[in-house]
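Visitor: I am new to this structure and would love a close look at one part of it. Could you show it to me first, and then walk me through the details?

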Amino acid sequence: MTLVKFRKRPWENLINTNLLDFGTDDLFNDKLWLRRMDEPALNIKEKKDEFEIELAAPGFNKKDFEITIDNGCLNIMAKKSESKEEKDESYTRKEFSYNSFEKSLLLPETIVDEKIKAKYENGILKFSLAKKEEAKKQKPKMIEIS
């Protein structure tokens, strides 16, 4: 029988995480890692007419990305591989690297799928997600505190 320590998903630690509270098994807990290291950082901004999403993906080229919309999800996948070979009379040196990630975002129903735009520059993948007209007209609902 093998015992394996149960690990929570990173987003389950976002609430009530005390980064100064370290236990004896710190090697195995996720308190310092609020997201997986292979996931790119993400910013989401809501504006009056659209949402803006910025995804940090340095080192990739535009051709390395595959972006799809399926069942209300924006799926972003990137793969990149490189290999180098150096030969001399007495040796051969080969190097290779591989980098990839996948990210899926559940889109709100107020988005117009046909008007989603993507742009990649300076290591940042930027999306512009236009809102439907009825979503633009909605006013925030006030909640009264009792």
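Visitor: Let us take Arg-93: is Arg-93 buried, partly exposed or exposed?

Guide: Happy to help, and please keep in mind that this is a predicted model. Arg-93 has a relative accessible area of 43%, so Arg-93 is partly exposed, falling between the 20% limit for buried residues and the 50% limit for exposed ones. The side chain of Arg-93 meets the side chain of Glu-86 in a salt bridge, with 3.3 Å from N to O. Glu-86 is partly exposed as well, with a relative accessible area of 34%. This pair has company: Glu-86, Arg-93 and Glu-95 are joined into one network by salt bridges that share partners.

Let us step back for a moment to see the setting. The chain has 146 residues, and 22% of them count as buried. Its secondary structure consists of 1 helix and 7 strands. Read from the N terminus, the order is β-β-β-β-β-β-β-α. The accessible surface of the chain is about 12500 Å², and carbon and sulfur atoms contribute 51% of that surface. Among contacts in the chain with a separation of 6 or more, 44% are between residues 24 or more positions apart.

Now back to the strand around your residue. Strand β5 covers residues 92-106, and Glu-102 is placed in this strand. Glu-102 has 61% relative accessibility, so Glu-102 counts as exposed. Setting aside neighbours within four places in sequence, Glu-102 is in contact with Ile-76 and Met-77. Ala-78 is 24 residues from Glu-102 along the chain, yet the C-alpha atoms of these two residues are separated by 6.6 Å.

Met-77 and Ala-78 lead us to another residue, Asp-64. Leaving out residues up to four places away in sequence, Asp-64 touches Met-77, Ala-78, Lys-79 and Lys-80. Asp-64 lies in the loop between β2 and β3, the latter being residues 65-70. With 12% relative accessibility, Asp-64 counts as buried, because the limit for that word is under 20%. The side chain of Asp-64 also reaches the backbone nitrogen of Asn-61, at 2.7 Å.

From that loop we can follow the chain back to β2, where salt bridges come up again. Strand β1 (residues 42-46) and strand β2 (residues 50-56) pair in the antiparallel sense over 5 bridges. The two strands form a hairpin, with 3 residues between them. One of the pairings puts Asn-43 opposite Glu-54, its bridge partner in β2. Glu-54 also takes part in a salt bridge with Lys-45, where the closest N and O atoms are 3.9 Å apart. Lys-45 counts as partly exposed, at 38% relative accessibility. Lys-47 forms a salt bridge with Glu-52, and here the closest N and O atoms are 2.9 Å apart. Lys-47 is partly exposed too, at 40% relative accessibility.

How does your starting pair fit in with the rest? A search of the whole structure finds 8 salt bridges. You have now met several of the residues that form them, including Arg-93 with Glu-86, Lys-45 with Glu-54 and Lys-47 with Glu-52.

Note on methods: Residues are numbered from 1 along each chain as its sequence is written. This is a predicted model: local features need pLDDT of at least 70, side-chain atom pairs count only at pLDDT 80 or more; totals for chains, interfaces and linings use all residues. Side-chain values use heavy atoms; hydrogens and water are left out. A salt bridge is a side-chain nitrogen of Lys or Arg within 4 Å of a carboxyl oxygen of Asp or Glu. Buried means under 20% relative accessible area, exposed over 50%, partly exposed in between (1.4 Å probe, protein chains only). Two strands pair if DSSP finds at least two bridges between them. Helices (H or I, at least four residues) and strands (E, at least two) are DSSP runs, numbered from the N terminus. Contact means heavy atoms within 4.5 Å. Accessible areas come from the Shrake-Rupley method with a 1.4 Å probe; for residues, only the protein chains shown count as cover. A polar contact is a pair of N or O atoms within 3.5 Å; within protein, one must be able to donate a hydrogen and the other to accept it, and residues adjacent in sequence count only if both atoms are side-chain atoms.
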